[in-house]
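Q: Could you take a close look at one part of this model for me? I'd like to know how the two chains meet.

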2 protein chains.
Amino acid sequence: MAGKTRLSPAIELDGVVHERVRLAILSALGSHGQLSFNELKALTDTTDGNLGTHCTKLEDAGFIRGAKGLLGRRKRTSYEITQAGRVALLAYLEQLEKIMGEVRGR
Amino acid sequence: MAGKTRLSPAIELDGVVHERVRLAILSALGSHGQLSFNELKALTDTTDGNLGTHCTKLEDAGFIRGAKGLLGRRKRTSYEITQAGRVALLAYLEQLEKIMGEVRGR
């Protein structure tokens, strides 16, 4: 069968984006705009520590940026997706479509 | 914003399917039918040990089954997707579509 030995599109998925919590963060910021740390925590149902680790990894990759601010008298950290993050997310979605096409025979 | 605090669809992705090598194995078997260990190795560009670990995990989940046979005088291990594996893969793809819909605003 032709194409059987080419590399699977799944292997070429961006590992920074692919991890579930990071994918949740990026897709939420890609669709909702800016979200607070607590909003992301509710969306990802994870601990402060785990969410913080994944946010840092996405910041280090240049895919999201954080901004510290005040909400009333309380500190609030918010995040938004960067242009590089949006490019990476859209490239990731295109790669997912290749996988879907493979499975569904298109 | 309504829906901002619901759980992200990315978090609900099946972790057994989501890992890249396993996703490559499942999607290849889902589209090509039976493939040999060496064909899967070429598709996933990984080591024997790593591929074997992921195949075992998928077998333990009941998503693929292996069959040992002979190709000429050489031993050959082949794999195929099970019905449960196909169900899991299709559910996974539906979940991916929810993520795409979220990002693309559909």
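A: Here's a walk through the contact between the chains, followed by a stop at one cysteine. Keep in mind that this is a predicted model.

Let's start with the contact itself. Chain A puts in 30 residues, and chain B puts in 30 residues too. On the chain A side, the elements that give two or more residues are helix 2 (20–32), helix 3 (37–44) and helix 5 (83–104). Helix 2 of chain A supplies the largest share of that side, with eight residues. Sort the chain A side by class and you get 16 nonpolar, nine polar and five charged residues.

Now for how the copies are arranged. A turn of 180° with a shift of 0.0 Å along the axis lays chain A on chain B, with an RMSD of 0.0 Å. The two copies are thus related as by a two-fold rotation axis. As for the faces they use, 100% of the interface residues of chain A are interface residues in chain B as well, so the copies meet through the same surface.

Last stop, the cysteine: B:C55 sits in helix 4 of chain B, which covers residues 48–60. B:C55 counts as buried because it has 20 C-beta neighbours inside 10 Å, and 20 or more is what that label takes. Setting aside neighbours within four places in sequence, B:C55 is in contact with B:I25, B:I64, B:G66 and B:Y79. There's also B:R22, which is 33 residues away from B:C55 in sequence, yet their C-alpha atoms are 7.4 Å apart in space.

Notes. Residues are numbered from 1 along each chain as its sequence is written. Chains are lettered from A and ligands numbered from 1 in the order in which they are written. This is a predicted model: local features need pLDDT of at least 70, side-chain atom pairs count only at pLDDT 80 or more; totals for chains, interfaces and linings use all residues. Two residues are in contact if their C-beta atoms, placed from the backbone, lie within 7 Å. Helices (H or I, at least four residues) and strands (E, at least two) are DSSP runs, numbered from the N terminus. Ala, Val, Leu, Ile, Met, Phe, Trp, Tyr, Cys and Pro count as nonpolar, Asp, Glu, Lys and Arg as charged, and the others, Gly among them, as polar. A residue is buried if 20 or more other C-beta atoms lie within 10 Å of its own, exposed if 12 or fewer, and partly exposed in between; C-beta atoms are placed from the backbone. Copies are superposed by least squares on the C-alpha atoms of residues with pLDDT of at least 70 in both.
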